[in-house]
Protein chains: 2
Amino acid sequence: MSIKIFLADDHRIMREGLRAMLEKKGGLEVIGEAGDGRTAVRLVKEMRPDIIIMDIGMPELNGIEATRRIIKNCPGVKIIALSIHSDKRLVSEMLKAGASGYVLKEAAFSELIDAIHTVKRGCSYISVEIQDVINKKLSKHPLYSELTDREREVLQLLAEGKSTKQIASCLDVSAKTIDSHRQQIMKKLNMHSVAQLTKYAIREGITSI
Amino acid sequence: MSIKIFLADDHRIMREGLRAMLEKKGGLEVIGEAGDGRTAVRLVKEMRPDIIIMDIGMPELNGIEATRRIIKNCPGVKIIALSIHSDKRLVSEMLKAGASGYVLKEAAFSELIDAIHTVKRGCSYISVEIQDVINKKLSKHPLYSELTDREREVLQLLAEGKSTKQIASCLDVSAKTIDSHRQQIMKKLNMHSVAQLTKYAIREGITSI
DNA sequence: GACTAAATAGGAATAACCCCGAATCTTAGT
DNA sequence: ACTAAGATTCGGGGTTATTCCTATTTAGTC
């Protein structure tokens, strides 16, 4: 029985490269892929892979949020973050969200293979470069303390330039609901413009520049 | 005689993925790689590949500067930029530096293969997505013009979270004038939300995060 | 002088914002 | 199991901001 793997990364060339390398290995099977977080959450729910290799910077729904939801939906599934960032906040948020592994894109492919087998056994795999970062557990101001899941989701779409209507249609709810969410976000953060919200979202890694 | 290819990208997993896919194709040979721009310049001088696939964001020496130096050193070598950015400034800087191709990492691998053969024949290859970006800037009435001083001034205040009224009062003109400026900015940049403008302003260094 | 772009605005339609209330649904605690 | 708190979902209704189209004045260029 081979290990079923799902790829989530917004760069198609990266997905194709990973797939090519993974499929050369025995005992692994890439059963699906997605180019954004929202699609990943949906497809994983259907396909039930063993392991997800998840990029962090993705449109629509970033890798941290996607991880949080997938872990909630599908408790057995293991997630390995594959990121270009060694930023401590992102690492700790990703692990807090439920990821079992964290590998940098500048690492060797063999490290990813190690991570896959380690995580499959139920252990967790953290790159050495990252390990140092983890030890400094600064939970002083937790990154995602203020906003709820839904609010962060709305904020990301807002920071990506979408209008209230577009967000509503994207999330399949009434525009009035999005209205309420945005109001709540602004109230919580004490901000009163899209520009400020956008900068906040960038600082917090909810969206990318 | 196969085409000799050199890979320059700071993410080793990306290099390995590209190598795996390229070597499955016939007529191509990856003869070397580098994880930073400075090393790339040095190795290319020794190895004399036909084509270099060059990432832009690299440590030590970025892809644009590396391209400039390689073209100076080795006039016959062709360079294809493989980047995550479709930013107009980066594209034009890269082409000005001497690159013959520009492909996005979110493109299909087959596009990169097309680019390799196109560039080998002496032609240049620009992704359709990039072409749009360039054409839009060039074809709109404000001919590939950057923003005016006044527009940049307005954009900065906008990206700092100020309202139209606040900006108007700040610059001592009618709010309607600021309206027009913002409209003109959006038209020139082909953006339609404050969020996008804010990100642009950050990228351009007009405001800080 | 003719032409062009920049900076300046007005009017009208559209969208965003902000207050209120309120029905479900989860979750945590006792 | 009950309760309390919070999250999520919407509607009404009014205010404010934005967008779109158009138009004038000013400044610089050829």
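# Group meeting talk: two chains and two DNA strands

Okay, let's start at the boundary between the protein chains: across the interface of chain A and chain B, the rule turns up 0 salt bridges. Keep in mind that this is a predicted model. What you do get across that interface is 13 residue pairs in polar contact, with both partners at pLDDT 80 or more.

Which elements of chain A give two or more residues to the side touching chain B? Those are helix H1 (12-24), helix H5 (109-120), H7 and H10 of chain A. H1(A) has the largest share of that side, with 9 residues. By class, the side of chain A that touches chain B splits into 18 nonpolar, 8 polar and 9 charged residues.

Now the area. People often quote the size of an interface as the accessible area lost when the parts come together. Here, about 2,700 Å² is buried between chain A and chain B, and carbon and sulfur atoms give 72% of that. On the chain A side, Ile13(A), Lys199(A) and Ile209(A) lose the most area to chain B; together they make up 25% of what that side buries. As for head count, chain A puts 35 residues into the contact and chain B puts in 35 residues.

Let me stay with H7 for a minute, since H7 of chain A was on that list of elements facing chain B. Why do I call this helix largely enclosed by the rest of the structure? Because 9 of the 11 residues of H7(A), which runs over residues 149-159, are buried. The buried set is Glu151(A), Arg152(A), Glu153(A), Val154(A), Leu155(A), Gln156(A), Leu157(A), Leu158(A) and Ala159(A). If you're picturing a helix with one side in and one side out, the background is that an α-helix has 3.6 residues a turn, so residues three or four places apart point the same way. In H7(A), though, the buried residues include Glu151(A), Arg152(A), Glu153(A) and Val154(A).

What covers them? Within chain A, the cover includes helix H2 (37-47), helix H3 (63-73), H8, H9 and helix H10 (194-203). Chain B joins in too, with its own helix H10 (194-203). After H7(A) comes Gly161(A), which has a positive phi, near 100°.

One residue to zoom in on is Gln156(A), which lies in H7 of chain A. Is Gln156(A) buried or exposed? Buried, with a relative accessible area of 0%. A polar atom of the Gln156(A) side chain sits 3.3 Å from the backbone oxygen of Met58(A). Setting aside neighbours within four places in sequence, Gln156(A) is in contact with Met58(A), Pro59(A), Glu60(A), Leu61(A), Asn62(A) and Ile206(A).

Right, on to the DNA, strand C to begin with. There are 17 residues around it, and the ones that come nearest are Arg182(A), Thr148(B), Ser174(B), Lys176(B) and Thr177(B). Of the strand C atoms within 4 Å of the protein, sugar and phosphate account for 64%. Some phosphate distances for strand C: Arg150(B) has a polar side-chain atom 3.0 Å from a phosphate oxygen, and Lys165(A) has a side-chain N or O atom 3.4 Å from one. Ser174(B) uses its backbone instead, with a polar backbone atom 2.8 Å from a phosphate oxygen.

Helix H8 (164-171) and helix H9 (175-189) of chain A, plus helix H9 (175-189) of chain B, each supply at least two residues of the surface near strand C. H9(A) gives the largest share, 5 residues. By class, that surface has 3 nonpolar, 8 polar and 6 charged residues.

And strand D? Here 15 residues are around the strand, with Thr148(A), Arg150(A), Lys176(A), Thr164(B) and Gln183(B) coming nearest. Sugar or phosphate makes up 57% of the strand D atoms within 4 Å of the protein, and bases make up the rest. You can see bases being reached: a polar side-chain atom of Lys176(A) is 2.4 Å from a base oxygen, and one of Ser180(A) is 3.0 Å from a base nitrogen. Thr177(A) has a polar side-chain atom 2.8 Å from a phosphate oxygen of strand D.

For strand D, the elements giving at least two residues each are H9 of chain A together with helix H8 (164-171) and H9 of chain B. H9(B) has the largest share there, 5 residues. The class split near strand D is 2 nonpolar, 7 polar and 6 charged.

Notes
Residues numbered from 1 in each chain as written. Chains lettered and ligands numbered in written order. Predicted model: local features only at pLDDT ≥ 70, side-chain atom pairs only at ≥ 80, totals over all residues. Heavy atoms only, no water. Near = heavy atom within 4 Å. Polar contact = N/O pair within 3.5 Å; in protein donor to acceptor, adjacent residues only side chain to side chain. Helix = DSSP H or I, 4+ residues; strand = E, 2+ residues; numbered from the N terminus. Nonpolar A, V, L, I, M, F, W, Y, C, P; charged D, E, K, R; others polar. Buried < 20%, exposed > 50% of the residue type's maximum accessible area, 1.4 Å probe, protein only. Contact = heavy atoms within 4.5 Å. Buried area = accessible area lost by both parts, 1.4 Å probe. Salt bridge = Lys/Arg side-chain N within 4 Å of Asp/Glu carboxyl O.
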